[in-house]
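Subject: Structure handover

Hello,

Here is the structure for you to take over. My notes on what was found in it follow below.

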Amino acid sequence: MSKKTLFLQGNEACVEGALYAGLDFFAGYPITPSTEIAEMLSMRLPKKGGKFIQMEDEIASMCAIIGASLTGHKSMTATSGPGFSLKQEAIGYAVMAEVPCVVVDVQRGGPSTGMPTKVSQGDVMQTRWGTHGDHAIITLTASNHQDLFAITVEAFNLSETYRTPVILLLDEVIAHMREKLVIPEKGEIPLVERLWTSVKEGTDYHPYLPREDGRLPMSDFGGVHRYNVTGLVHDMWGFPSEDPRIAYGLMRHLVDKIEGHVKEMTHVKEYYLDDADVVLISYGSSARSALHLVENRRARGERLGLLELQTLWPFPAEAVRKSCERAEYVIVVEMNMGQVTEEVRKVVHDHETVFLANRIDGTFISPTDIRNILRVVQGKGV
Amino acid sequence: MSVREYLRERFMPHLWCPGCGHGIIMNNLIRAIESLGIKKNDIVMVTGIGCSSRISGYLDFHTLHTLHGRALAFATGVKLARPELKIIVPMGDGDAIAIGGNHFIHAARRNIDITAIIMNNRVYGMTGGQFSPLSGYGTLATTAPYGNIYEAFDTVELARGAGASFVARTTTYHVRSMKEIIEKAIMHKGFSVVEILSQCPTYFGRKNKRGDAVEMLKYLKESTAPIGSERKRKNPALIERGIFVEEDRPEYCAEYEKIVEKAQKG
Amino acid sequence: MERYRIVFSGSGGQGVITASIILAEAAAIYEGLNAVQSQSYGAEARGGSTRADVIISDREIRFPKVNQPNILVCLTQQAFNKFSGSIRPGGLLLTDSHFVQLERKVDARQVELPMYQSVIKAMDKPTALNMCMLGAMLSLVPLVKTESIMKVLNEKTPATFLGMNKDAFEIGRKLVVEAGIEPQELA
């Protein structure tokens with residue numbers, strides 16, 4: 001075993017992934033159950049000459065990483081429910097001003113302060129629509145530490161490729177449980193670095209004029225090009241505008257650059273779907289319980305399958321539709337009131353085949369919980 | 001260089017009203033930077049939301065026009081990431097002290113090398129004349145039709161108490177000392193605060209019957225006095241202006257560098 | 001190897017969480033097994049009781065929590081009262097004779113050892129009770145090799161505590177040997 005193998009918490013696996021991806025600026029504020037991320041980075045970042053700062057609140061942390069990103073640094077913050085709510089305005093700013101950054105939200109019971117130490121998946125829709133106004137967003141998640149490492153790297157890659165904030169949506173169970181992580185070799189997972197403008201000093205640089213492929217080459221603050229960055233609707237120079245044509249063009253660009261690349265951003269894992277009569281759809285820690293049930297029932301000859309979503313937004317509609325094509329029943333396993341269930345219902349052929357297996361009491365959903373729902377759905381009684 | 005070379009003329013005319021004090025501040029800010037000889041590429045100007053905050057769009061630096069109250073939080077990210085850059089953060093009074101009050105006191109406590117310029121016109125201008133934390137008791141505003149029952153913050157005392165290592169106050173009438181104070185604030189290593197009393201004839205002036213811009217400038221002249229001056233001794237009600245705090249104290253980014261050294265040794 | 005579901009329970013400060021991490025890490029890093037460790041926060045912590053779950057298996061572990069442990073260790077009466085009913089039939093219940101009165105019988109092999117008193121006797125303080133417990137437990141059910149535990153201790157324990165922890169682990173092992181208790185296969 002030549003590779004470095006660690007036994008650690010999910011929050012720590014996220015940190016390892018972020019450092020592998022090139023994180024060098026973190027701003028945060030303590031909140032359960034995400035705090036280990038800040039604690040660990042306060043130790044690790046100075047060692048590599050990176051910057052760690054504990055800000056006065058969640059809002060300031062989000063703002064600080066946007067500022068740092070504009071100087072050319074890969075930046076991240078981490079929080080949980082109430083803190084994620086506070087960050088929303090600045091997340092919208094990062095969407096509008098097209099500033100790459102990664103925001104980790106470790107979900108806990110809500111609403112409000114809810115159950116700080118208990119698990120939930122109630123923030124799925126908040127990652128989608130938490131900030132005001134029409135926009136598109138990328139949200140990723142994972143169910144084990146090896147995947148979490150890789151998806152964290154992917155979060156940075158997508159944020160750089162599409163110049164957008166990427167939400168990394170974890171939950172308390174994944175964040176705190178410990179399991180093995182094998183650190184990939186350098187280069188094993190490709191990294192996307194910032195796309196710099198090739199425009200030379202003295203030539204007019206248009207910070208908000210997309211190339212033909214939709215990407216926006218950047219010039220960092222402190223570099224040779226001076227330009228304006230704003231959260232207002234802006235023209236290709238980044239200067240505020242109320243021209244309807246400019247507003248329309250900007251809105252289309254912000255949405256299309258993400259919704260137009262769903263395929264490239266879709267990360268799902270398929271288990272036993274080929275002949276499944278019952279398809280479970282799940283994500284994050286819930287997917288562990290779903291897969292446990294699927295493997296158990298398969299051993300008894302029942303044809304269960306699982307589609308695990310790692311990309312939640314933009315919603316991987318095509319992958320979901322395809323997986324559910326021949327299913328008699330679709331059971332969405334999640335720890336909320338059906339936030340992804342409703343999305344699944346929108347895209348499947350027959351929405352009446354879609355059921356929710358959930359827990360909303362702060363208890364981690366178990367394979368037995370899912371099986372009980374399945375039995376009811378199949379008319380086998382409780 | 002001429003003043004024009006610091007302006008983005010493409011984005012003129014500016015949106016400030018005739019008689020507004022903000023143009024005077026922009027003028028002196030440019031002159032201060034010019035006389036210090038700082039390269040435009042080495043300056044990042046960060047602003048929040050409000051009339052004052054539009055200043056960033058008009059000036060040819062790296063400019064970051066952010067969210068209401070949050071300019072110092074964004075600026076902290078920029079500064080810590082690139083400590084060699086000069087960071088200037090012009091803010092309105094509501095922007096800096098109400099919605100941004102928490103960021104203001106913590107930036108001061110951190111003593112991070114950022115220059116905060118508070119353009120204090122005692123009113124929320126962009127939204128049409130509501131009272132601000134610096135309007136003062138008894139003033140009228142669109143949200144205080146019966147008179148404002150809040151006392152105003154003393155920005156100087158607030159900044160001093162929070163730990164800013166450079167604190168000064170001037171007015172739009174005193175343009176020469178304004179330029180000098182801004183120069184000193186920019187060159188100061190640490191968190192520097194310059195409160196500039198400014199006039200808003202459109203809202204504060206009209207609502208409170210303070211006359212036109214000239215009347216308001218006269219008032220700024222007559223109601224203020226240099227720190228420790230004869231006039232101030234004779235009339236304690238006068239507002240003092242000048243440099244209140246100028247201390248050499250550990251600066252955040254420099255302290256952070258020590259952390260890096262410690263971490264890399266261990 | 002079958003799947004082992006282990007619960008360590010006690011009160012805050014007894015080090016049951018640390019012991020659970022050391023056990024799981026030894027299995028995962030040094031024995032090529034899969035291991036998952038988790039702990040419960042919240043209500044139990046406020047009530048003064050702490051619980052850590054470990055699952056060890058040669059197959060993939062999906063569901064990371066333990067509902068029915070085949071090994072349950074209780075270091076307080078409160079933990080015993082709360083968790084002893086959940087033990088898997090045919091499993092092992094290990095309790096500390098100083099802290100726990102076995103008020104009821106469970107459908108499992110019950111082993112009661114004077115771990116606390118032995119540690120106090122040897123070291124004057126109970127800091128390393130958790131390692132004594134781990135030594136005893138692994139003598140009863142040899143899930144991982146002692147040398148794997150020692151490797152984790154060498155790596156993770158501050159030098160000042162290393163000797164004490166190793167000694168306590170040995171005390172726990174001896175308690176089982178001297179009592180003449182045979183290691184067991186779990187049902």
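I start with one residue of chain A, A:I246, which sits in helix α8, a helix that covers residues 244-259 of that chain. Please keep in mind that this is a predicted model.

Is A:I246 buried, partly exposed or exposed? There are 17 C-beta neighbours inside 10 Å of A:I246, and because 20 or more would be needed to call a residue buried and 12 or fewer to call it exposed, A:I246 counts as partly exposed. Leaving aside residues up to four places away in sequence, A:I246 touches A:V233, A:D235 and A:S241. A:A21 is 225 residues from A:I246 in sequence, and the two are 35 Å apart in space, C-alpha to C-alpha.

Next, the contact of chain A with chain C. Here 18 residues of chain A are in contact with 16 residues of chain C. On the chain A side, at least two residues each come from β1 (5-9), α7 (172-176), β8 (178-182) and α10 (286-298). Helix α10(A) gives the most to this side, with five residues. By class, the chain A residues that touch chain C divide into six nonpolar, six polar and six charged.

Chain C itself has seven helices and six strands. Along the sequence they follow the pattern β-α-β-α-β-β-α-β-β-α-α-α-α. A compact globule of 187 residues would have a radius of gyration near 16 Å, and the 15 Å of chain C agrees with that. The C-alpha trace of chain C spans about 40 × 35 × 35 Å along its principal axes. Of the 187 residues of chain C, 48% count as buried. Among the contacts in chain C with a separation of 6 or more, 59% are between residues 24 or more positions apart.

Then the contact between chains A and B. In this case 32 residues of chain B are in contact with 34 residues of chain A. The elements of chain B that each supply at least two residues to its side are α2 (55-58), β2 (62-65), α3 (71-81), α5 (101-110) and α11 (252-265). The largest share, eight residues, comes from α3(B). The chain B side has 15 nonpolar, 13 polar and four charged residues.

Strand pairing also links these two chains: β9 of chain A (residues 228-230) is joined to β2(B) by three bridges, and the two strands run parallel. Within this pairing, A:T230 has B:H65 in β2(B) as its bridge partner.

Last, a helix within chain B. Which residues of α9(B), residues 213-222, are buried? They are B:A213, B:M216, B:L217 and B:L220. Why do these residues line one face of the helix? Seen down the axis of α9(B), they fall within an arc of 100°, so they share one face. The general background is that an α-helix has 3.6 residues a turn, so residues three or four places apart point the same way. The buried residues of α9(B) pack against β7 (166-171), β8 (192-197), α8 (201-207) and β9 (224-226) of chain B. On the face turned away from the buried side, α9(B) carries the exposed residues B:V214 and B:E222.

Regards

How values were computed. Residues numbered from 1 in each chain as written. Chains lettered and ligands numbered in written order. Predicted model: local features only at pLDDT ≥ 70, side-chain atom pairs only at ≥ 80, totals over all residues. Helix = DSSP H or I, 4+ residues; strand = E, 2+ residues; numbered from the N terminus. Contact = placed C-beta atoms within 7 Å. Nonpolar A, V, L, I, M, F, W, Y, C, P; charged D, E, K, R; others polar. Rg over C-alpha atoms; globule rule 2.2 N^0.38 Å. Pairing = 2+ DSSP bridges. Arc of directions from axis to C-beta.
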